[in-house]
Amino acid sequence: AKTEQQSEPPRVGLSKIFPDGNYPEGELEDYRDDNAWRTTSEEMRYNERMIMQDPEQTYNNIRKAAEVHRQVRQYARKVIKPGMSMIDIADTIENGTRALVEENGLESGVGFPTGLSRNHCAAHYSPNGGDTQILQQGDVMKVDFGVHVKGRILDSAFTLTFDHTYDKLLEAVRAATNTGVREAGIDARLGEIAGAIQETMESYEVEINGKLIPVKAIENLSGHSINPYQIHGGKSVCLVKNNDQTKMEEGEYFAIETFGSTGRGRVVESGEVSHYAKMVDAPRIPLRLTTAKSLLKSINKNFGTLPFCRRYLDRVGESKYLLALNHLVAQGIVQDYPPLCDAPGSMTAQFEHTLLLRPTRKEVLSRGDDY
Ligand SMILES: O=S(=O)(c1cccs1)N(Cc1ccc(F)cc1)Cc1ncn[nH]1
Ligand SMILES: [Mn+2]
Ligand SMILES: [Mn+2]
Ligand SMILES: [Mn+2]
């Protein structure tokens, strides 16, 4: 079939652009030290061929999600400007994602809420319905959005600015994330990766109004392993030196994300919650509140264990759900993820990539020519 070009705004599903169903590989990196042998091992190549043939496991699912991410973010970086509302920015990203991934129930779609955290807020802010906030010229906005295909979630983020004041902060975080990507590998210890990330991050300083401010790695944010339909797979890659001897393992997916700050280097929960997710191990308890029962049914049907936000509930026709939602949170069935912010007046930045530890090599799935 003739392959189509992507439109602007992006609306052409990727199966039209990659008709043979083969999506582009991410950036490949050989393992180091005692795992370097894997690149040329016939056994490891055999294992990979088997995985590639298994429709459930094939790498094509996550590679399609990664290509969607690259094409949507390329458009977003071009059109997002000061004066746009948070809601319009979120819609721009989500409409593009849904079209290109060819959204289909729980088979494929948005991976989690579009994060648009600004300035001292580092993560987990997304506009709720009625939010009238407007992007400002001096803002430092973390654009963190996800795409999933058959539950394989691509989690990648970048920081947008509209003047050069914080270029050094962004440079520090970009370098720290690339250090994390480089240090990741089969048998790599999470605590050692964290130390390397912190060392890179804290070798930078930012000059603001003639004052030199050291860049701090945010000590209570972290990267994470990713499982099918589960954004947090249980392993965390912290950003400051620690003694976690836990190793990365073959076949695991990791989101390597780092956050730098000109403030305390520590975030606290602050502001209205937008992000939620049903717990994977949610207790099966009898719900007496009928509205909570029907809301949980809607969450199971529309999101499963994928994170969602209030706008996604609005979109699937739910209304007046707040009491029921807070009840599900109180019962430990749904986890809330409040916005995470450093001190007011400070600035935070983020870069994030998703990588896969294949039997033969590390594949940085979300790598693009932008970051
Ligand atoms: O901070 S996390 O909760 C976490 C980090 C380490 C262990 S759990 N979080 C996972 C998540 C939670 C809710 C979401 F809606 C989406 C993702 C990291 C993250 N947020 C955005 N991108 N990546
Ligand atoms: Mn993310
Ligand atoms: Mn993440
Ligand atoms: Mn809580």
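**Exercise 1. How far apart are the manganese ion (ligand 2) and the manganese ion (ligand 3), and which residue coordinates both?**

Work on the predicted model shown above.

*Solution.*
Step 1. Take the distance between the two ions: ligand 2 and ligand 3 are 3.3 Å apart.
Step 2. Look for a shared residue. D155 coordinates both.
Step 3. Place the pair D144 and D155 on the chain. D144 belongs to strand 5 (residues 141-149) and D155 to strand 6 (residues 152-160); they are 11 residues apart.

**Exercise 2. List the protein donors of the manganese ion (ligand 2) and give their spacing along the chain.**

*Solution.*
Step 1. Count as donors the N, O and S atoms within 2.8 Å of the metal.
Step 2. Read off the protein donors: D144 (OD), D144 (OD), D155 (OD) and E352 (OE). D144 thus appears twice in the list.
Step 3. Give the distances. These donors lie 2.0 to 2.3 Å from the ion.
Step 4. Write the spacing: D-x10-D-x196-E.

**Exercise 3. Do likewise for the manganese ion (ligand 3), and locate E257 and E352.**

*Solution.*
Step 1. The protein donors are D155 (OD), H224 (NE2), E257 (OE) and E352 (OE).
Step 2. They lie 2.1 to 2.2 Å from ligand 3.
Step 3. Along the chain, the donors follow D-x68-H-x32-E-x94-E.
Step 4. Turn to the pair E257 and E352. E257 sits in strand 12 (residues 253-261), and E352 in strand 18 (residues 348-357). The pair is 95 residues apart and links distant parts of the chain.
Step 5. Compare the two donor lists. E352 (OE) is a donor of ligand 2, and E352 (OE) is also a donor of ligand 3.

**Exercise 4. Describe the surroundings of ligand 1: its site, its shell and its polar contacts.**

*Solution.*
Step 1. Find the site. Ligand 1 occupies the largest pocket.
Step 2. Survey the shell. There are 16 residues around ligand 1, and H124, D144, D155, H232 and E257 come nearest.
Step 3. Sort by class: five nonpolar, seven polar and four charged residues.
Step 4. Sort by element. Strand 10 (residues 222-226) gives the largest share, three residues.
Step 5. Apply the 3.5 Å cut-off for polar contacts. A nitrogen atom of ligand 1 is 2.8 Å from a side-chain N or O atom of H124. For D155, the corresponding distance to a ligand nitrogen is 3.1 Å. A polar side-chain atom of H224 lies 3.4 Å from a nitrogen atom of ligand 1.
Step 6. Add the cover. Alone, ligand 1 has 480 Å² of accessible area, and the protein covers 89% of it.
Step 7. Link the sites. D155, with its polar contact to ligand 1, also coordinates both manganese ions.

**Exercise 5. Where does the backbone show a cis peptide bond, and which non-glycine residue has a positive phi?**

*Solution.*
Step 1. Check omega. The bond between E8 and P9 is cis, with omega about 0°. P9 lies in the segment before helix 1 (14-17).
Step 2. Check phi. N119 is not a glycine, yet its phi is positive, about 60°.
Step 3. Place N119: the loop between strand 3 (115-118) and strand 4 (121-123).

Key. Residues are numbered from 1 along each chain as its sequence is written. Chains are lettered from A and ligands numbered from 1 in the order in which they are written. This is a predicted model: local features need pLDDT of at least 70, side-chain atom pairs count only at pLDDT 80 or more; totals for chains, interfaces and linings use all residues. Side-chain values use heavy atoms; hydrogens and water are left out. A residue is near a molecule or strand if one of its heavy atoms lies within 4 Å of it. A polar contact is a pair of N or O atoms within 3.5 Å; within protein, one must be able to donate a hydrogen and the other to accept it, and residues adjacent in sequence count only if both atoms are side-chain atoms. Accessible areas come from the Shrake-Rupley method with a 1.4 Å probe; for residues, only the protein chains shown count as cover. On a 1 Å grid over the protein atoms alone, a cavity is a set of points where a 1.4 Å probe fits but cannot get out, and a pocket is an open set with protein on both sides within 12 Å along at least five of seven lines; lining residues have an atom within 4 Å of a point. A molecule sits in a cavity or pocket if more than half of its atoms lie within 2 Å of its grid points. Helices (H or I, at least four residues) and strands (E, at least two) are DSSP runs, numbered from the N terminus. Ala, Val, Leu, Ile, Met, Phe, Trp, Tyr, Cys and Pro count as nonpolar, Asp, Glu, Lys and Arg as charged, and the others, Gly among them, as polar. Donors are N, O and S atoms within 2.8 Å of the metal (3.2 Å for Na, K and Ca); water is not among the atoms, so sites may look incomplete.
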